[in-house]
Amino acid sequence: QTTPQDVRTLDASQQTPTIGVSRSGAMPTGGFVAPLAAAATGADSTVVWLEPMPKDACATSLSDAKVAVSWKNTSAHTSDDATFPACSAGKPALSPELKTGPGTLEFTVTVLGKGGDTFTLSPGTATIQR
């Protein structure tokens, strides 16, 4: 269990947010822009989440969507990926703890919609120093 003093928000030095749309049939029903946010939760662990705009995206476009992140630590030459819900109870959901270790972290972010009704137009990227 992470204690509050173990959590440290990390800033992205470079970022391109994920851009996507939702649709019903052939008709678009909404769009979103979702930068990635991150926090260090321990010596080697990092959690990430989306900070979507518009503010109601978790209740609309992203309500049933998942986030797929691929990361690599260019300092330690390690990498992995994770998939997690984009939102929970109308708010952005946290990823599982990613064992990134310290160093320069590069992320690629894609939103995966339920049944193909929400999808990424442009994957996001973020570089975070941890």
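The following exchange concerns Ala-57, strand 6 and the largest nonpolar core in a predicted model.

Me: Where is Ala-57 found?
Reply: Ala-57 lies in the loop between strand 6 (46–50) and strand 7 (66–73).

Me: Is Ala-57 buried or exposed?
Reply: Ala-57 is buried, because its relative accessible area is 0% and buried means under 20%.

Me: Which residues is it in contact with, leaving aside neighbours within four places in sequence?
Reply: Those residues are Phe-32, Pro-52, Leu-62 and Ser-63. In addition, the C-alpha atoms of Ala-57 and Cys-87 are separated by 9.0 Å, the two residues being 30 apart along the chain.

Me: Turning to strand 6, which way do its residues point?
Reply: Thr-46, Val-48 and Leu-50 point one way, while Val-47 and Trp-49 point the other way. Five of the five residues are buried, so strand 6 is largely enclosed by the rest of the structure.

Me: How many bridges join it to strand 5?
Reply: Five bridges join strand 6 to strand 5 (residues 36–40), and the two run antiparallel. A hairpin of five residues connects them, and Ala-38 stands opposite Val-48.

Me: What does Val-48 touch, not counting residues up to four places away in sequence?
Reply: Val-48 touches ten residues' worth of surroundings listed by name, including Leu-36, Ala-38, Val-69, Phe-84 and Phe-107.

Me: And which residues of the largest nonpolar core touch the most other members?
Reply: Of its 26 residues, these are Val-48, Leu-50, Leu-62 and Phe-107. Strand 11 (104–112) is one of the elements that give two or more residues to this core, and strand 11 gives the most, with four.

Definitions and conventions: Residues numbered from 1 in each chain as written. Predicted model: local features only at pLDDT ≥ 70, side-chain atom pairs only at ≥ 80, totals over all residues. Heavy atoms only, no water. Buried < 20%, exposed > 50% of the residue type's maximum accessible area, 1.4 Å probe, protein only. Contact = heavy atoms within 4.5 Å. Pairing = 2+ DSSP bridges. Core = buried A, V, L, I, M, F, W, Y, C linked by side-chain atoms within 4.5 Å.
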